[in-house]
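Student: I am new to this structure. Could you take me through one part of it closely, the pocket, and show me how it sits in the rest of the chain?

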Amino acid sequence: MTAVSKAPGRLDFTVVQGDSFSDSVTFSQSGAPINASTWSHRAQVRAERTAAAPLLATFTVGTGSASTGVIALSLTAATTAGLEPGRYWWEYERTVGSDVRTMLSGEFVVLDQVAKP
């Protein structure tokens, strides 16, 4: 019997408080990009790994290249400036029709900003 895992992929991020944050992720299967242009997207940072934990930030999800499997995640400098240094949890979830799936999750580490205006 083959084991099947529906666990999300693990991807950790680190950002300096007050910096703009952006990264892109490519979804593929067997080396071929997955067309993500029909997906609805939600990506959030929470204080702990539970939906009941305070919502700290919501990513902007760019889908300009979603037809080739690429989505972009970003947070503004103002958003990260509002986050206290520490370890948090983030998650990316996609919805297709009524099918909801968490695709990625991991730690979201905020480092203290040294250079201040």
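Tutor: Start with a caution: this is a predicted model. Now the setting. The chain has one helix and 11 strands. Follow the sequence and the order is β-β-β-β-β-β-β-β-β-α-β-β. Along the principal axes, the C-alpha atoms fill a box of roughly 55 × 30 × 25 Å. Of the 117 residues in the chain, 30% are buried. Now take contacts between residues at least 6 apart in sequence: 63% of them join residues at least 24 apart.

Next, the pocket itself. How much space lies in the largest pocket? About 230 Å³. The lining is made of 13 residues, and those closest to the centre are Gln44, Arg46, Thr50, Ala51 and Glu91. Find these five in the view before you go on.

Which elements give two or more residues to this lining? They are strand S6, residues 40–46, and strand S10, residues 86–96. S10 supplies the largest share, with five residues. Now sort the lining by class. Six residues are charged, five are nonpolar and two are polar.

A general point helps here. A probe the size of a water molecule, rolled over the atoms, shows where empty space is left.

Step back along the sequence from S6. Threonine 38 lies in the loop between strand S5, residues 32–33, and S6. Is threonine 38 buried or exposed? Its relative accessibility is 57%, and exposed means over 50%, so threonine 38 counts as exposed. Compare its place with arginine 87. The two residues are 49 apart along the chain, and their C-alpha atoms are separated by 32 Å.

Now turn to a sheet. Three strands form an open sheet in the order S3-S9-S8, and the pairing is antiparallel. Its edge strands are S3, residues 21–26, and S8, residues 60–62; each of these pairs on one side only. From one strand to the next, the twist averages 20 degrees.

Look at one pairing in that sheet. S8 and S9, the latter covering residues 70–75, run antiparallel and are joined by three bridges. Where does threonine 60 find its bridge partner? In S9, at serine 74.

To recap, trace two things in the view. For the pocket, follow S6 and S10, which each give two or more residues to the lining. For the sheet, follow S3-S9-S8 in that order.

Note on methods: Residues numbered from 1 in each chain as written. Predicted model: local features only at pLDDT ≥ 70, side-chain atom pairs only at ≥ 80, totals over all residues. Heavy atoms only, no water. 1 Å grid on protein atoms, 1.4 Å probe; cavity = no way out; pocket = protein on both sides within 12 Å on 5 of 7 lines; lining within 4 Å. Points joined across faces, edges and corners; volume = space filled by probe spheres on them. Helix = DSSP H or I, 4+ residues; strand = E, 2+ residues; numbered from the N terminus. Nonpolar A, V, L, I, M, F, W, Y, C, P; charged D, E, K, R; others polar. Pairing = 2+ DSSP bridges. Axes fitted to C-alpha atoms, helices over the stretch in contact; angles between N-to-C directions. Buried < 20%, exposed > 50% of the residue type's maximum accessible area, 1.4 Å probe, protein only. Contact = heavy atoms within 4.5 Å.
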